[in-house]
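Got your viewer open? Let's take a walk through this model, one selection at a time.

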Amino acid sequence: MIGIWVLGDQLDPLHAALAAHNPSDARVLLIESSSVLQQYRYHRQKLVLVWSALRHFAAELRQQGWMVDLVEARSFEEALKDWLAEHQISELHLMEPAERPFREGIERLPLPIPLVWHLSNAFLWSRDEFGAWAAPYKQLRMELFYREGRKRFGVLMSSDGQPLGGQWNFDQENRKAPPKGLVGPEPLVFEPDELTLAVIAKVDQLAQELEAASESGLPGISAPFGWAVTRSQALAVLEHFICTRLDGFGPFQDAMVSGQPTLWHALLSPYLNIGLLQPLEVIRRLEQAGLERGTPLACLEGVIRQILGWREYTHGLYWWFGADYPARNHFGADLSLPDWLERLEGSGMSCMDTVLAEIEISGYAHHIQRLMVLANYGLIAGLDPQAFTAWFHRMFIDGYDWVMQTNVLGMGLFADGGLLASKPYAASGSYINRMSNYCKGCSYNPKQRSGPDACPFNSLYWDFLARNQEGLRRNHRMGLVMKQLERIPDDELAAIRSTAAAHRVI
Ligand SMILES: Cc1cc2nc3c(=O)[nH]c(=O)nc-3n(C[C@H](O)[C@H](O)[C@H](O)COP(=O)(O)OP(=O)(O)OC[C@H]3O[C@@H](n4cnc5c(N)ncnc54)[C@H](O)[C@@H]3O)c2cc1C
Ligand code: SF4
């Protein structure tokens with residue numbers, strides 16, 4: 001009997017190994033293993049999402065006539081070996097995992113039968129295709145990759161081969177600060193069904209067992225839980241996004257507003273990353289709906305760039321940069337993570353505590369909160385990049401190794417020394433003050449850069465530039481801010497740096 005092992009982030013009806021077989025000639029295995037918690041204490045909402053989606057997917061496959069075994073286990077290896085023996089599987093078929101550690105883990109398993117790998121269809125560019133694109137360049141640029149993707153898949157292109165609207169990128173129209181009282185459309189949420197309620201109970205039980213064994217429990221809350229767990233629900237999220245937020249996507253993409261965690265963001269990454277939605281179907285549907293609705297091109301192009309550009313690019317780079325990428329630490333940053341990151345509260349910084357409270361509830365924060373509040377803090381405070389990347393991986397509803405390494409380590413923390421970003425995304429409190437309403441409720445002063453009331457983002461920012469000035473001066477894109485640093489009188493810089501040092505020991 002042929003066996004097909006479908007991984008938890010491959011819940012795609014067009015899964016390559018399923019597509020290569022018929023229900024009558026293969027048996028399908030899905031493993032719900034709590035061993036994942038030995039490596040990472042995942043956010044409860046993420047565990048509920050993946051395990052509930054797994055159970056729903058198993059039920060759907062059964063309806064289609066597949067023989068499916070969903071095994072709850074404490075170890076992938078034991079579950080797999082038992083299943084292979086019980087069902088006399090002669091050949092195990094898998095679709096390429098998106099994550100390198102998982103692929104290596106499977107290959108290390110001493111299995112008595114041959115493994116057959118199927119190319120992944122979870123991304124539009126295969127690893128080889130991305131490599132062929134990247135090889136000739138000394139410095140890779142997302143914009144060039146994105147244009148290649150637009151041409152290759154014929155997205156938002158005119159019949160004469162030019163980009164629709166005569167321009168590839170409308171990003172400059174998408175950087176607006178939030179006006180007072182900005183309120184975004186409500187996201188679509190779902191009532192948990194019986195299957196999901198059972199998973200919520202299981203996750204809470206696991207958390208209790210860990211706590212009872214005096215170990216750290218699981219972060220976040222498990223209920224209320226409103227994420228989609230089936231393909232049809234995920235498609236409904238896509239349609240809801242089109243109807244309520246597509247036409248407004250972009251202008252306030254960088255805005256951050258208390259009480260408005262999602263604004264016009266698409267909320268599609270959790271589903272794209274576990275296979276409930278496929279990237280090309282989402283892109284084509286957005287293009288078709290946007291053109292029919294007369295969505296402003298800046299909005300339509302803006303969201304398509306995220307999926308056809310950034311998502312594919314970060315995945316391609318993850319494999320292109322190689323296995324030693326995750327160990328990089330360009331600035332030699334080694335500060336341990338502060339306790340409040342684990343507790344998801346209590347930093348005393350209004351911006352940080354607002355974002356952490358939102359993560360506690362849903363496992364979600366939008367891109368600018370991730371980049372300019374969380375990662376920016378890690379960068380300028382000098383948090384250990386590997387520890388902080390692992391924190392992101394555990395806390396986010398859409399966190400997976402392939403997307404974490406390039407986004408957190410590369411884009412957010414510049415720990416790769418500029419392989420991904422041309423300069424560090426470091427910013428002081430002025431940026432957060434301009435792009436959010438967080439500072440109004442904060443006990444720190446966003447205009448001050450030294451002393452006990454100074455915004456920590458200010459003192460840490462200048463301290464970061466001073467601490468790393470030798471290297472940063474070599475980056476021509478940092479020229480202007482390094483000149484500003486030089487203009488700060490010595491005694492003021494000393495006061496700023498001692499304020500930063502006091503913050504960094506907390
Ligand atoms: C520090 C940091 C950590 C991040 N962690 C994750 C993560 O764990 N998982 C994850 O999927 N994305 C991550 N991202 C990328 C991006 O922030 C999220 O994809 C996005 O916020 C998801 O929310 P959304 O679906 O509402 O996205 P929108 O902002 O509405 O964007 C639409 C879609 O574009 C894709 N996308 C946009 N930007 C990126 C990007 N940089 N990399 C990959 N895909 C992108 C996503 O699929 C997303 O669903 C991270 C970015 C940073 C800076
Ligand atoms: S003052 Fe500083 S710490 Fe407080 S919310 Fe503003 S940026 Fe954040």
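Start by selecting strands β1 and β4: they run parallel and are joined by three bridges. Keep in mind as you look that this is a predicted model. To see how the two strands line up, click on Ile2, which stands opposite Glu91 in β4. Now colour β4 by itself, residues 91–95. This strand is mostly covered, with four of its five residues buried.

Stay with β4 and add strand β5, residues 115–118. The two pair in the parallel sense, over four bridges. Met95 makes a good landmark here, standing opposite His118 in β5.

Next, go back to β1 (residues 2–5) and select β2 (residues 26–33). That's another parallel pairing, again with four bridges. Look for Gly3, and you'll find Arg27 of β2 opposite. Then add strand β3, residues 67–73. β2 and β3 run parallel and are joined by seven bridges. Leu30 faces you with a partner too: Leu70 in β3 stands opposite.

Time to zoom out and colour by domain. The protein chain is divided into domain 1 (2–118), domain 2 (128–189 + 226–321) and domain 3 (339–504). How far apart are the centres of domain 1 and domain 3? Taken over C-alpha atoms, 38 Å separate them. The two domains do meet, though: twelve residues of domain 1 are in contact with ten residues of domain 3. On the domain 1 side, the elements giving two or more residues are α3 and α5 (100–108). Of these, α3 gives the most, with three residues. By type, this side of domain 1 has five nonpolar, two polar and five charged residues.

While α3 is on your mind, select residues 44–63 and pick out Val50, which lies in this helix. Is Val50 buried or exposed? Val50 counts as buried because it has 22 C-beta neighbours inside 10 Å. Setting aside its neighbours within four places in sequence, Val50 is in contact with Gly8 and Ile274. Now select Tyr271 as well: this residue is 221 residues from Val50 in sequence, but their C-alpha atoms are 9.7 Å apart in space.

Tyr271 leads us to the next stop, the largest nonpolar core, which has 142 residues. Which residues touch the most other members of this core? They are Ala53, Leu268, Tyr271, Ile304 and Tyr461. Helix α12 (residues 297–321) gives the most to this core, with eleven residues. Click on Ile304 and show what surrounds it: leaving aside neighbours within four places in sequence, Ile304 is in contact with Val155, Leu156, Ile283, Leu286 and Glu287.

Now for the ligands. Select ligand 1 and show the 28 residues that surround it. The closest are His265, Ala266, Ser269, Gln306 and His367. At least two residues of this shell come from each of α10 (269–272), α12, α15 (367–381) and α17 (401–412). If your domain colours are still on, check them here: domain 2 and domain 3 each supply at least three residues of the shell around ligand 1. Switch to colouring by residue type, and the shell divides into 15 nonpolar, ten polar and three charged residues.

Move on to ligand 2, which has 14 residues around it. Coming nearest are Cys351, Gly429, Cys439, Cys442 and Cys455. Two or more residues of this shell come from each of α14 (350–362), α18 (429–435) and α19 (456–467). The largest share, three residues, belongs to α18. How many residues of this shell are charged? None: the shell around ligand 2 has eleven nonpolar and three polar residues.

For the last stop, select helix α16, residues 385–395. Nine of its eleven residues are buried, so α16 is largely enclosed by the rest of the structure. Among the buried ones are Phe388, Trp391 and Phe392, along with His393 and Arg394. Finally, to see what the buried residues of α16 pack against, switch on α13 (339–343), α14, α15 and α17.

Notes
Residues are numbered from 1 along each chain as its sequence is written. Chains are lettered from A and ligands numbered from 1 in the order in which they are written. This is a predicted model: local features need pLDDT of at least 70, side-chain atom pairs count only at pLDDT 80 or more; totals for chains, interfaces and linings use all residues. A residue is buried if 20 or more other C-beta atoms lie within 10 Å of its own, exposed if 12 or fewer, and partly exposed in between; C-beta atoms are placed from the backbone. Two residues are in contact if their C-beta atoms, placed from the backbone, lie within 7 Å. A nonpolar core is a set of buried Ala, Val, Leu, Ile, Met, Phe, Trp, Tyr and Cys residues joined through C-beta atoms within 7 Å. A residue is near a molecule or strand if its C-beta atom, placed from the backbone, lies within 6 Å of it. Ala, Val, Leu, Ile, Met, Phe, Trp, Tyr, Cys and Pro count as nonpolar, Asp, Glu, Lys and Arg as charged, and the others, Gly among them, as polar. Domain bounds come from an automatic or database domain assignment. Two strands pair if DSSP finds at least two bridges between them.
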